[in-house]
Amino acid sequence: MGAGIWSMHFIGMLAFIMPMAMGYSLAWTSSSLLVAIIASGFALFILREKDRPVRYLILGGILIGLGIATMHYMGMEGMTNYVNIRYLPGLFFLSIGIAIAASEAALWLALQSNQGSMNRQFYLKLLVHS
C-alpha cells in the first residue's frame with residue numbers, strides 16, 4: 001500500500017513538466033518511499049483490531065497524515081539539486097492539515113465499509129474506490 005501511494009505521487013511528479021532539466025536525489029526519493037511504507041504499515045496496524053477506542057483512530061489519522069506529508073516534502077527535497085523551492089507557510093500548513101483530514105476520512109471509510117448492511121457496504125466501497 002505504501003509503495004502504491006508513493007508510486008502514484010512520484011509518477012505525478014515525473015509527469016509535471018518544468019521549463020528546466022529535472023532530476024531526483026536517490027537518497028531523498030528512496031527515503032520518501034520508506035516513509036510511505038511505514039505510514040501505510042501503521043494504518044494497517046490500526047485497522048487490524050475490530051474494536052478500538054476512537055482516540056486511536058484520531059491519533060492514527062494524525063500520524064498517517066503527517067507520514068504522507070513527510071513523504072511528499074521529502075520527495076520535493078529530492079528535487080532541490082536542480083531548483084530552488086520556497087514555501088508559503090500558510091499553504092504549507094494547510095497541505096499538512098489536508099493530509100491529516102484525508103487520512104482521518106480514509107481510516108473512517110475503511111472501517112465503515114465493512115459494517116452494516118450489504119447495500120451500505122457496497123456504496124461505501126464504491127465511494128472509497130472512486
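**Exposed and buried residues in a predicted helical model**

Student: In this predicted model, is Leu 59 buried, partly exposed or exposed?
Tutor: Residues under 20% relative accessible area are buried and those over 50% are exposed, with partly exposed in between. Leu 59 has a relative accessible area of 47%, so the class that applies is partly exposed.

Student: In which helix does Leu 59 lie, and how much accessible area does its nonpolar surface patch have together?
Tutor: Leu 59 lies in helix H3. On the surface, Leu 59 joins Val 54, Ile 58, Ile 62, Leu 63 and Leu 66 in a nonpolar patch. The accessible area of these residues together is about 500 Å².

Student: Is Met 74 buried or exposed?
Tutor: Met 74 also lies in helix H3. The cut-off for burial is under 20% relative accessible area. Met 74 has 15% relative accessibility, and therefore counts as buried.

Student: Leaving aside neighbours within four places in sequence, with which residues is Met 74 in contact?
Tutor: Asp 51 is 23 residues from Met 74 along the chain, and their C-alpha atoms are separated by 34 Å. Beyond its neighbours within four places, the contacts of Met 74 are Trp 28, Ser 31, Ser 32 and Val 35.

Student: Which residues make up the largest nonpolar core?
Tutor: In soluble globular proteins, nonpolar side chains tend to be buried together. The largest nonpolar core here has nine residues in all. Helix H1 (2-15), helix H2 (26-47) and helix H3 (54-77) each supply at least two of them. The members are Trp 6, Phe 10, Met 13, Val 35, Ala 36, Met 71, Met 74, Met 76 and Met 79.

Student: How many residues form the other core, which lies apart from it?
Tutor: Among the members of this other core are Ala 43, Leu 57, Leu 107 and Leu 111. The number of residues in that core is six.

Student: What is the order of elements in the protein chain from the N terminus on?
Tutor: The protein chain has five helices and zero strands. Read from the N terminus, the order is therefore written with one symbol for each helix: α-α-α-α-α.

Student: What share of the contacts with a separation of 6 or more joins residues 24 or more positions apart?
Tutor: The C-alpha atoms of the protein chain fill a box of roughly 55 × 25 × 25 Å along the principal axes, and 32% of its 130 residues count as buried. Among contacts with a separation of 6 or more, the share from residues 24 or more positions apart is 71%.

How values were computed
Residues are numbered from 1 along each chain as its sequence is written. This is a predicted model: local features need pLDDT of at least 70, side-chain atom pairs count only at pLDDT 80 or more; totals for chains, interfaces and linings use all residues. Side-chain values use heavy atoms; hydrogens and water are left out. A nonpolar core is a set of buried Ala, Val, Leu, Ile, Met, Phe, Trp, Tyr and Cys residues joined through side-chain atoms within 4.5 Å. Buried means under 20% relative accessible area, exposed over 50%, partly exposed in between (1.4 Å probe, protein chains only). Helices (H or I, at least four residues) and strands (E, at least two) are DSSP runs, numbered from the N terminus. Patches are made of residues with over 30% relative accessible area and no salt bridge: like charges are joined within 9 Å, nonpolar side chains (Val, Leu, Ile, Met, Phe, Trp, Tyr) within 5 Å. Accessible areas come from the Shrake-Rupley method with a 1.4 Å probe; for residues, only the protein chains shown count as cover. A salt bridge is a side-chain nitrogen of Lys or Arg within 4 Å of a carboxyl oxygen of Asp or Glu. Contact means heavy atoms within 4.5 Å.
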